[in-house]
Amino acid sequence: MEGKMKVAVMNGIGKMGFTERDIPTPKDDEVLVKLDYVGICGSDLHYYESGAIGDYVVEPPFVLGHEPGGVVVEVGKDVKHLKVGDKVALEPGKTCGHCEFCKQGKYNLCPDVVFFATPPVDGVFQEYVAHEAALCFKLPENVSTLEGALIEPLAVGFHAAIQGDAHLGQKAVVMGAGCIGLVSMMALKARGVSEVYVVDIMEKRLEKALELGATGVINGAKEDVIAKAQELTGGAGMDLIIETAGTEITTRQAIHMAKKGSTIVLVGYSKSGEMTLPMSLVLDKELTFKTVFRYRHIYPIAIDAVASGKVNVKGIVTNIYDLDDVQRAMDESVHNKADIVKGVIKIHP
């Protein structure tokens, strides 16, 4: 497909703008996707606010966005499983395929991954993208491209649930009711966890958690979280805790709330990257810590969960912005976290 496309670029900290680029030409093993929706992720906001995450430093002009859903408009000659008109969710990380981690199937740990919107690799706040066809997952008839854009965060939630061996009969708690907390809660429910509680300090987010199927919620600003967890479990403690808030306070609470011999899955990154934790208590309880870095082999599971109605992923979306409004979308997502749970950029109507 010949022609130009509109691209939203980050021109500096807190500054968005636009440029025109050539519509890319797909290679033999790629498809060209006309993007409909791209989710705004916490990492996008972090780059926008501070210009870096750890060693990944933005050099403007930089394209944010790594949660895309769209429609195939051109197919490379070696691609057999997709055709023009197919709706797809795009997995944003291309891996090398031959390192020890890729060979073990733990491809999310590949040291040479090329991941949308992780500097220096541009993201997809733009009208079209050429992407490896093996990383484009066809969506069933009853799954929209908006839902397709939300498969990426949902995959993180399922990976967290799987890392924690979530199953029927457990009582679980999720720390944090942001996007990742909510998808983790829904993944736990989809895997059959009997009771799932959500902790946050923002009332609107807790209301959203209840709306999406949480068994109950705990407002950490108003209640003693540890005492409440004890009450809910008859003093035994929680079987599984997923920590998505990335704060020392919530991680310490998780350790106190955990049942002896149980598992805590750490998903949230702390601001400094470091925490001081009550490790004597961890040892006394013989707790297992599992951690999450993105996901692996999850897209088909997540898509099936949405298609079958087990997960209402579009329910997390609170705000949809046109591409032209990308500056407002980023600013409001940064400054109005109490009201905006999940913002999405609508690329094509």
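Rings of Phe, Tyr and Trp are said to pair if their centres lie within 6.5 Å, and a pair counts as stacked with planes under 30 degrees apart, as edge-to-face with planes over 60 degrees apart, and as tilted in the remaining cases. The legends below describe close-up views of a predicted model.

**Figure 1. Phe 137, Tyr 295 and Tyr 299 form one aromatic cluster.** A search of the whole structure finds 3 aromatic pairs. In one of them, the ring centres of Phe 137 and Tyr 299 are 5.2 Å apart and the ring planes meet at 40°, so this pair is tilted. The contact joins distant parts of the chain, since Phe 137 belongs to strand β11 (residues 136-138) and Tyr 299 to helix α10 (residues 299-307), with the two positions 162 residues apart in sequence. Both Phe 137 and Tyr 299 are buried. The rings of Tyr 295 and Tyr 299 have centres 5.8 Å apart and planes at 50°, so this pair is tilted as well. Tyr 295, like Tyr 299, is buried.

**Figure 2. Arg 294 places its charged end over the ring of Phe 115.** The distance from this charged end to the centre of the Phe 115 ring is 3.5 Å. Arg 294 lies in the loop between β17 (288-291) and α10, and its phi is near 55°, which is a positive value in a residue other than glycine. For a reader new to backbone angles, it helps to know that most residues other than glycine have a negative phi. In another part of the view set, Lys 6 lies over the face of Phe 18, at 5.0 Å from the ring centre.

**Figure 3. The largest cavity has a lining that includes Phe 115, Arg 294 and Tyr 295.** The count of cavities of 30 Å³ or more comes to 1, and the volume of the largest cavity is about 70 Å³. Besides the three residues named in the title, the lining of this cavity is made by Glu 91, Gly 93, Thr 95, Tyr 107, Asn 108 and Val 113. By residue type, the lining of the largest cavity divides into 4 nonpolar, 3 polar and 2 charged residues.

**Figure 4. The second largest pocket holds about 280 Å³ of space.** This pocket is lined by 19 residues, and the closest of them to its centre are Lys 94, Phe 116, Gln 126, Val 129 and Ala 130. Two elements, β9 (114-115) and β10 (128-132), give two or more residues to the lining of the second largest pocket. Of these, β10 gives the most, with 3 residues. The lining of the second largest pocket is divided into 10 nonpolar, 4 polar and 5 charged residues.

**Figure 5. Two peptide bonds between prolines are cis, one from Pro 60 to Pro 61 and one joining Pro 119 and Pro 120.** In the bond from Pro 60 to Pro 61, omega is near -5°, and Pro 61 has its place in the loop between β5 (56-57) and β6. In the bond that joins Pro 119 and Pro 120, omega is about 10°, and Pro 120 is found in the loop between β9 and β10. As background to this view, most peptide bonds are trans.

**Figure 6. Asp 165 has a positive phi although it is not a glycine.** The phi of Asp 165 is about 50°, and the residue is found in the loop between α4 (151-163) and β12 (171-175). Residues count as partly exposed when their relative accessible area falls between the limits of 20% and 50%, and at 46% relative accessibility Asp 165 therefore counts as partly exposed.

**Figure 7. Ser 333 in helix α11 and Lys 83 in a loop are shown in their surroundings.** Helix α11 covers residues 326-335, and Ser 333, at 5% relative accessibility, counts as buried. Ser 333 and Leu 287 are 46 residues apart in sequence, and their C-alpha atoms are 35 Å apart in space. Lys 83, by contrast, is in the loop between β6 (67-75) and β7 (87-90), and its relative accessibility of 49% makes it count as partly exposed. Between Lys 83 and Asp 324 there are 29 Å in space, C-alpha to C-alpha, while the two are 241 residues apart in sequence.

Notes:
Residues are numbered from 1 along each chain as its sequence is written. This is a predicted model: local features need pLDDT of at least 70, side-chain atom pairs count only at pLDDT 80 or more; totals for chains, interfaces and linings use all residues. Side-chain values use heavy atoms; hydrogens and water are left out. Rings of Phe, Tyr and Trp (its six-membered ring) pair if their centres lie within 6.5 Å; planes under 30 degrees apart count as stacked, over 60 as edge-to-face and the rest as tilted. Helices (H or I, at least four residues) and strands (E, at least two) are DSSP runs, numbered from the N terminus. Buried means under 20% relative accessible area, exposed over 50%, partly exposed in between (1.4 Å probe, protein chains only). A charge sits over a ring if NZ of Lys or CZ of Arg is within 6 Å of the ring centre and within 35 degrees of the ring normal. On a 1 Å grid over the protein atoms alone, a cavity is a set of points where a 1.4 Å probe fits but cannot get out, and a pocket is an open set with protein on both sides within 12 Å along at least five of seven lines; lining residues have an atom within 4 Å of a point. Grid points are joined across faces, edges and corners, and a volume is the space filled by probe spheres set on the points. Ala, Val, Leu, Ile, Met, Phe, Trp, Tyr, Cys and Pro count as nonpolar, Asp, Glu, Lys and Arg as charged, and the others, Gly among them, as polar.
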